[in-house]
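Work through the exercises below with the coordinates open, and compare each result with the solution that follows it.

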Amino acid sequence: MGISEFALHNVLRTYARQDRLGKVQKVRTAAAQTPPTPTDQVSLSSAGRKVQWVGQLAAEVVDRHHPVLDDDARSARVRTTQQELLERHRDEVGDDHVTPEAFEARLRPLYAS
């Protein structure tokens with residue numbers, strides 16, 4: 001029994017078309033099933049930005065005054081320094097009329113040396 005070239009060509013063409021349509025259908029189905037996830041965004045309040053900046057300032061102060069501390073000792077010292085600074089300047093941290101930028105401009109010269 002022989003298969004003609006024409007019949008073989010039709011079978012291959014039909015197979016290729018079904019394969020192509022199947023892949024397209026799979027892509028469409030996958031795209032429909034997975035809705036795009038929104039990206040999370042966090043915005044800090046004025047007080048939150050001030051607290052964050054005080055943490056950075058505390059790290060700078062500790063690094064300047066104690067440059068040879070190991071990681072654990074440094075972390076403990078930074079946390080202690082941050083808490084001291086927040087306690088010392090708590091009124092300004094809680095005051096929404098003082099912007100984080102003005103807060104930084106006022107405190108940086110006090111602790112820069």
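**Exercise 1.** Determine what share of the contacts in the protein chain between residues at least 6 apart in sequence join residues at least 24 apart.

Solution. Take a contact as heavy atoms within 4.5 Å; with that cut-off, 58% of the contacts between residues at least 6 apart in sequence join residues at least 24 apart. The model is predicted, with local features requiring pLDDT of at least 70 and side-chain atom pairs pLDDT 80 or more, while totals for chains, interfaces and linings use all residues. Residues are numbered from 1 along each chain as its sequence is written, and side-chain values use heavy atoms, without hydrogens and water.

**Exercise 2.** Identify which helices supply the largest nonpolar core.

Solution. Start from the elements, which are DSSP runs numbered from the N terminus (helices: H or I, at least four residues; strands: E, at least two): the protein chain has five helices and zero strands. The largest nonpolar core, a set of buried Ala, Val, Leu, Ile, Met, Phe, Trp, Tyr and Cys residues joined through side-chain atoms within 4.5 Å, has 14 residues, and Trp-53, Leu-57 and Phe-103 are among those with the most contacts inside it. Helices H2 (46–65), H3 (71–88) and H5 (100–111) each supply at least two residues of this core, and H2 gives the most, with seven. Leaving aside neighbours within four places in sequence, Leu-85 is in contact with Val-54, Leu-57, Ala-58 and Tyr-111.

**Exercise 3.** Decide whether Leu-12 is buried or exposed.

Solution. Locate Leu-12 in helix H1 (residues 5–33). Buried means under 20% relative accessible area, exposed over 50%, and partly exposed in between (1.4 Å probe, protein chains only). Leu-12 is therefore exposed, at 53% relative accessibility.
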